[in-house]
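Let's take a walk through this structure together. Have a look at the fold below, and then we'll go through it piece by piece.

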Amino acid sequence: MSKKIALLFSGQGAQAVGMGHDLAAEYPSASSLFQKADEILGFSLSNVAFNGPAEELTKTSVCQPALYVHGLALLGALKERVPGLVFHATAGLSLGEFTAHAAAGTFDFETGLRLVAKRSQAMQEACESTEGGMAAIIGGEENDIRQLAAAADVDVANLNSPGQIVLSGEAAKIALSVSLAKEYGARKAVELQVAGAFHSRLMESAYEKLSIALAETEIKQPAVPVVCNVDACTVSDADTIRRSLADQVTGSVLWTQSIEYMIDHLHITQFIELGPGGVLAGLVGRIRKGTPVISISNAASLNDAVAALSA
């Protein structure tokens, strides 16, 4: 039986200085995407991605476009090396959902980049106008951690994998949730070094701005199924895609359920992660142990992936 392949794209937090540098040097298609991005954005995204400094790359308004371009540059290079590559579904963690849609043909590279730029700028503005934070809660049952979120009056931001749930909300309430976590069965709770309360009600202003941008954007039917974060199922018509991409800004990222859906309902047998760090491969391994995942983050890992795919 031939493999059913799904592409996975990274979210904010995976960025690393140097991302895309060796890729752009070796693959003209990758170099071209970074050059296009520099022109569209009006600043040298490529220079920040390739050379840093890390503080600049970590800014929401910079790292989101950088991850989007990097993910699609990796895909372009992979297609150069494996011209017959066929993939059967895509998904992305948070920001990565936009990259997944671009890969599936929902919108072209330029349109997606402009959307991501608006999203990231709106989210950065929301961070600057609120005092928010996030915390990773390790080792608790989902129902118990939802009760913890309700008790502390914060939101469930990410269900990343069994035993790893992220909460988001006002900074003082996040501190409270961390102090209460063990009472709700968590093994550990750690405040995250983030710019603000992503995937929470504190992002409402970003949700409104992104909704306007999406309403003005032409959305096509994806060529392959795209699994959305907020519902953990495929989306195909324009209105549903617009809604799911907007809702994601304030809603929960159901990553565990998304991966389970792709395995159980789309019958995916091979995941390919496109982005820095191998974070998603680690999550997939915890969601469904033994699931094959190939991680591609640079030119060297691309070589390894080509060899593995042709084996």
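Before anything else, a word about "buried": here that means under 20% relative accessible area, while exposed means over 50% and partly exposed covers what falls in between. Keep in mind, too, that this is a predicted model.

With that cut-off in hand, start at serine 244, which sits in helix 11 (residues 238-250). Is serine 244 buried or exposed? Its relative accessibility is 0%, so serine 244 counts as buried. What does serine 244 touch, leaving aside residues up to four places away in sequence? The answer is Glu97, Cys228, Val230 and Val235. There's also a link inside the helix region: the side chain of serine 244 reaches the backbone oxygen of isoleucine 241 at 3.0 Å.

Now zoom out. UniProt, in an unreviewed entry, places the feature "domain: Malonyl-CoA:ACP transacylase (MAT)" at residues 8-311. That span is 53% helix and 14% strand, and its end C-alpha atoms lie 21 Å apart.

For the strands, look for an open sheet of 6 strands with mixed pairing, in the order 8-7-2-1-9-10. Strand 8 (234-235) and strand 10 (293-296) are the edge strands, each pairing on one side only. Strand 10 runs parallel to strand 9 (residues 270-274), and 4 bridges join the two. If you want a spot to find by eye, glutamate 273 stands opposite serine 295 in strand 10. Lying across strand 1 (5-9), strand 9 and strand 10 is helix 14 (residues 299-310), which runs at about 150 degrees to strand 10.

Next, some backbone oddities. Most residues other than glycine have a negative phi, and most peptide bonds are trans. So where should you look for departures from that?

One is the peptide bond joining glycine 52 and proline 53, which is cis, with omega about 5 degrees. Proline 53 belongs to the loop between helix 3 (45-51) and helix 4 (54-58).

Serine 94 has a positive phi, near 55 degrees, and lies in the loop between strand 2 (89-92) and helix 6 (96-104). Because its relative accessibility is 10%, serine 94 counts as buried. Aspartate 153 has a positive phi as well, near 60 degrees. You'll find aspartate 153 in the loop between helix 8 (142-152) and strand 4 (155-161). At 34% relative accessibility, aspartate 153 counts as partly exposed.

Definitions and conventions. Residues are numbered from 1 along each chain as its sequence is written. This is a predicted model: local features need pLDDT of at least 70, side-chain atom pairs count only at pLDDT 80 or more; totals for chains, interfaces and linings use all residues. Side-chain values use heavy atoms; hydrogens and water are left out. Buried means under 20% relative accessible area, exposed over 50%, partly exposed in between (1.4 Å probe, protein chains only). UniProt positions are given in the numbering used here, feature names are shortened, and annotations may be inferred rather than shown by experiment. Two strands pair if DSSP finds at least two bridges between them. Contact means heavy atoms within 4.5 Å. Axes are lines fitted to C-alpha atoms, for helices over the stretch in contact, and angles run from 0 to 180 degrees between N-to-C directions. A polar contact is a pair of N or O atoms within 3.5 Å; within protein, one must be able to donate a hydrogen and the other to accept it, and residues adjacent in sequence count only if both atoms are side-chain atoms.
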